[in-house]
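Good morning, and thank you for coming. Today I should like to walk through one structure, moving from a single residue to the strands around it and then to the surface. Please look at the sequence and the model as they appear.

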Amino acid sequence: MSKISWREPIVEMQGDEMTRVLWDKIKEILLEPYLKLNTEFYDLSLVERERTKDEVTHRAAAAIKKHGVGVKCATITPNAQRVEEYKLSKMWASPNGTIRAALDGTVFRSPILVNGITPYVPGWKKPITVARHAYGDVYKNKEIVVDGEAKAELVVTKKNGEQIRETIFDFDGGGITQGLYNTDKSIVAFARSCFNYALDMKNDVWFATKDTISKLYDGRFKALFAETFEEYRDRFEKEGLKYEYSLIDDSVARVMRSEGGFIWALKNYDGDVMSDMVATAFGSLAMMTSVLVSPDGCFEYEAAHGTVTRHYYKYLKGETTSTNSVATIFAWSGALKKRAQTENNKELSDFAERLEKATTGCIADGFMTGDLIGIYGGANKPVKLDSFAFLEKIASRM
């Protein structure tokens with residue numbers, strides 16, 4: 001049987017711990033028997049990031065900008081404990097954050113729906129994709145602890161020295177204060193990424209903030225989204241798609257009553273919280289896809305979870321693990337489908353669809369990893385498979 005090929009490389013980024021082990025097995029069992037893998041490879045393991053002083057992450061980001069499609073394994077973002085464990089020279093930045101900044105991208109997270117895994121919200125019949133504006137806001141804030149009587153002010157100093165000054169609060173005792181920011185450029189890029197992805201996925205866009213309270217900050221988001229949408233209005237109408245704005249509290253209520261099938265665009269903190277809520281309500285974070293989309297049309301696919309450290313330590317001891325690899329498989333299938341789309345490669349697109357159906361079909365028929373046993377409600381008695389047996393079971397259905 002001749003293997004399926006494509007012209008332009010997919011940027012492949014290897015990662016850490018148990019997901020690294022599974023990455024190699026997915027390639028060996030599910031991809032290499034069928035595909036002539038054409039990838040530009042970067043090792044983003046913490047060991048390699050230390051060796052290259054994180055230069056490898058920046059090279060990988062540049063490669064995605066060049067080739068337009070990437071697929072990434074989960075990676076360690078080091079904390080103090082990891083610095084000690086890996087004898088790092090410094091606490092390297094999150095690779096996801098570095099790549100996101102380089103691409104000026106938006107993260108879209110969407111659940112993988114499987115027959116037999118019923119969402120905790122019964123009305124949800126279609127995926128809800130959370131688009132998180134992962135820039136600025138509370139994640140890049142400045143905070144001050146106030147230890148007595150004090151006046152907190154917000155001050156903006158223009159280039160010509162002119163100052164705009166607002167009193168935040170007159171403290172008569174201890175307290176706290178913080179400052180946030182965002183940029184028009186980033187907000188507009190976020191809006192464009194959402195609208196481009198919506199056209200790609202044929203989904204409506206719901207955007208939500210709280211501009212009745214944050215009249216200038218959230219109001220700016222609302223205004224720039226509305227202004228940017230005018231660039232897309234004709235294309236949305238042609239595809240029968242809608243863009244809607246609502247207050248965040250009203251939006252949450254609408255989401256809970258909906259059947260799904262839309263992109264929920266949210267500011268940084270809202271998106272962080274709601275993406276985990278949506279993932280849990282659909283069943284499992286291990287069944288959640290994540291794609292980073294840049295305003296100029298670059299796509300990077302990965303699983304929405306971490307490196308599964310606890311299972312990795314068991315694996316190193318020679319113990320059997322039952323680690324869910326579905327989101328990582330779908331990261332590969334997503335990248336393959338995108339490359340197939342860019343090259344009009346039906347054979348490659350059909351393979352990616354077949355891979356996804358084989359994966360979800362296994363679970364629907366009762367063959368799964370241990371994390372799904374407790375939430376499976378299908379007709380068959382569930383069978384718990386170990387990490388590699390699950391991949392072999394998928395391969396048997398290809």
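Let me begin with a question: is cysteine 298 buried or exposed? Before I answer, please note that this is a predicted model. Cysteine 298 is buried, and its relative accessible area is 5%.

The next matter is whether this cysteine is bonded to another. The structure holds 0 disulfides. For cysteine 298, the closest cysteine sulfur belongs to cysteine 194, and the two sulfurs are 16 Å apart, which is too far for a bond. The cut-off for a disulfide is a pair of sulfur atoms within 2.5 Å. Cysteine 362 is also a buried residue, with a relative accessible area of 0%.

I now turn to the strands. Strand E13 covers residues 288-293, and 6 of its 6 residues are buried, so the strand is largely enclosed by the rest of the structure. In a regular strand, side chains alternate between the two faces of the sheet. What do we find on the two faces of E13? Met288, Ser290 and Leu292 lie on one side, Thr289, Val291 and Val293 lie on the other, and all of them are buried.

E13 has strand partners as well. Strand E14, residues 299-303, runs antiparallel to E13 and is joined to it by 5 bridges. Together, E13 and E14 form a hairpin with 5 residues between them. In that turn, glycine 297 has a positive phi of about 90°. Across the hairpin, valine 293 stands opposite phenylalanine 299 in E14.

E13 is also joined to E4 by 6 bridges, and these two strands run antiparallel. Strand E4 spans residues 106-111 and includes threonine 106. Which residue of E13 is the bridge partner of threonine 106? The partner is valine 293. Threonine 106 is buried, at a relative accessible area of 1%. Beyond its neighbours up to four places away in sequence, threonine 106 touches Ala131, Arg132, Phe190, Ser193, Val291, Leu292 and Val293.

Finally, let us consider the surface. Val138, Tyr139, Leu180, Tyr269 and Val273 make a nonpolar surface patch of about 440 Å². One of these residues, tyrosine 269, lies in helix H10, which covers residues 268-282. Tyrosine 269 counts as exposed because its relative accessibility is 51%, and the cut-off for exposed is over 50%.

Thank you for your attention.

Note on methods
Residues are numbered from 1 along each chain as its sequence is written. This is a predicted model: local features need pLDDT of at least 70, side-chain atom pairs count only at pLDDT 80 or more; totals for chains, interfaces and linings use all residues. Side-chain values use heavy atoms; hydrogens and water are left out. Helices (H or I, at least four residues) and strands (E, at least two) are DSSP runs, numbered from the N terminus. Buried means under 20% relative accessible area, exposed over 50%, partly exposed in between (1.4 Å probe, protein chains only). Contact means heavy atoms within 4.5 Å. Two strands pair if DSSP finds at least two bridges between them. Patches are made of residues with over 30% relative accessible area and no salt bridge: like charges are joined within 9 Å, nonpolar side chains (Val, Leu, Ile, Met, Phe, Trp, Tyr) within 5 Å. Accessible areas come from the Shrake-Rupley method with a 1.4 Å probe; for residues, only the protein chains shown count as cover. A salt bridge is a side-chain nitrogen of Lys or Arg within 4 Å of a carboxyl oxygen of Asp or Glu.
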